[in-house]
Amino acid sequence: MKKIIPILLIAVMLYYVSSCEKDDICVDGDTPLLIVGFYNVEDTTAFKRVESIRIRNIDIDSIISKDSYKGAFNDRSNIADSILVPLRSNAVTTMYQIISGSQDDADTGEETGNIDTLTISYDLGEAFVSRACGFVVNYNNITVTLNEGAENWIQDISVVQPNVANTDSIHVKIFH
Amino acid sequence: MSKYFINILFGLLPILALAQSEPIDLSQKDTIEYKEQYGLRVGADISKLILSFVDEDYTGLELVGDYRLTHKLYLAAEIGNETKRQDENLNNTVLYDYETSGSYIKAGIDLNTYENWFGMNNAITIGGRYAVASFSQTLNDYSLYETNRFFNPDFLPGENPNREFNGLSASWLEFVVGAKVELFANIFVGMSARIGFLVTNTEDEQFPNLWIPGFNKVTDGSNFGVNYNYSISYFIPLYKKSKKQKEENKQ
């Protein structure tokens, strides 16, 4: 009977080893954010600073601020290189107003910055990431269209990564 | 007359002594040889039976069997069917809920490392198995993981719930440590712990195999799995064979 005790111990030990695993916390993935980089239209490889940027989502009429989500920027801050914006996962388009030089008129309170409207269209995809995370959304075949206005501050847009599956590098370049 | 007789007796004494040349064997061998029983042991896993009654998300049955080949070596096999429904949660939100259902068969050997006392039939075994499972997974419900809450305060539900993934299979090698104790005549209770190493794993690219019948939980980035069983089995004696030959070899 004494020889059975070590086997019991091994069995118990195996049970405990199997119950603490690294895949209990989701660290492997997330639904990605769209990374937009601001480049100089004259030197397309160099970043160009955007002064006092404000981004307003038209779909839900909401202005992005620092506490909107992780990785967000301060409203009306100066952006040196790039920003992260979320895309809607329950629709195939997301519309943003990107306002450069955003400021309220001292008397009327109206926006005096240059407002450009972007429409981002995409296909929705789903992917299983890991046991702890489950499924996330991927955005495929992204197209970005600039709604032409009287005087656009955005000169050109180029999609460098049409499939947004991670938040590692710039997906869309805006030249201004 | 008696004087001569005694003289003759003394004279014959050396001959008598000669007759005693073979020494008396004080540790004479017992001629009754102990025969060990050989046969087939069949049974079922009680833990899976109990879990089937207690846990409403689980039904399972495993039949176990072994056949004694030599003094130490047994051929051993398990055959089973399991259905298990599981979910993964994050702060009370169900990330996904799935059900795995299928059958498996394991075959291999057990080596009894326990030297029994006279008349005992207990076993402490180490062994190996090769196992094959065929199963299906059903994704009942799932939501889409998204840490930013800009658009939606909660995770969105998945687009295509209630999807079934058929034709899944897996095979693995198993290392088994076990013990069997004869509780009553020919009735054995046993337990075993097993470490499995996945050799093949055919899974759907949309939803990987997270749990395999007979193998248990599949861990991300690892081929190892752990499972166990508690069995009760009946020994069907088929023939008896002496263990004597082995003891002579020892001497």
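In this predicted model, Pro208(B) counts as partly exposed, because 16 other C-beta atoms lie within 10 Å of its own, a number between the 12 or fewer of an exposed residue and the 20 or more of a buried one. Along chain B, Pro208(B) sits in the loop that links strand E8 (187-202) to strand E9 (211-212). Once neighbours within four places in sequence are set aside, the contacts of Pro208(B) are Phe128(A) and Glu203(B). Val177(B) makes a useful landmark here: 31 residues separate Pro208(B) from Val177(B) in sequence, and their C-alpha atoms are 29 Å apart in space.

The contact with Phe128(A) leads on to the meeting of the two chains. Chain A and chain B each bring 30 residues to this contact. On the side of chain B that touches chain A, the elements giving two or more residues are strand E4 (93-112), strand E5 (123-144), strand E7 (163-184), E8 and strand E11 (224-242) of chain B. E5(B) gives the most, with three residues. By residue type, this side of chain B is made up of 19 nonpolar, five polar and six charged residues.

The largest nonpolar core is the next stop, and it holds 50 residues. Those touching the most other members are Leu34(A), Val36(A), Val85(A), Ala133(B), Tyr145(B) and Ile212(B). E5(B) again appears here, giving the most to this core with six residues. One of the well-connected members, Leu34(A), can be followed a little further. Beyond its neighbours within four places in sequence, Leu34(A) is in contact with Val85(A), Leu87(A), Ile120(A), Val164(A), His171(A) and Val172(A).

Turning to the fold of chain A, its secondary structure consists of one helix and 10 strands. The pattern along the sequence is α-β-β-β-β-β-β-β-β-β-β, with the helix ahead of the strands. Chain A has 176 residues, of which 26% count as buried. Among contacts in chain A with a separation of 6 or more, 57% come from residues 24 or more positions apart.

Four strands of chain A form an open sheet in the order E5-E1-E10-E9, with mixed pairing. Strand E5 (82-85) and strand E9 (156-159) of chain A are the edge strands, each pairing on one side only. From one strand to the next, the twist averages 25°. Within the sheet, E9(A) and strand E10 (residues 172-175) of chain A run antiparallel and are joined by four bridges. Across this pair, Val159(A) stands opposite Val172(A) in E10(A). Val172(A) is also among the contacts of Leu34(A).

Two residues of chain A deserve a friendly second look for their backbone angles. Most residues other than glycine have a negative phi. Ser52(A), however, has a positive phi, near 45°. Ser52(A) belongs to strand E2 (residues 50-57) of chain A, and it is partly exposed because 15 C-beta neighbours lie inside 10 Å. Arg76(A) likewise is not a glycine and has a positive phi, of about 60°. Arg76(A) lies in the loop between strand E3 (62-63) and strand E4 (77-79) of chain A. With 17 other C-beta atoms within 10 Å, Arg76(A) is therefore partly exposed.

Note on methods
Residues numbered from 1 in each chain as written. Chains lettered and ligands numbered in written order. Predicted model: local features only at pLDDT ≥ 70, side-chain atom pairs only at ≥ 80, totals over all residues. Contact = placed C-beta atoms within 7 Å. Nonpolar A, V, L, I, M, F, W, Y, C, P; charged D, E, K, R; others polar. Core = buried A, V, L, I, M, F, W, Y, C linked by C-beta atoms within 7 Å. Pairing = 2+ DSSP bridges. Axes fitted to C-alpha atoms, helices over the stretch in contact; angles between N-to-C directions.
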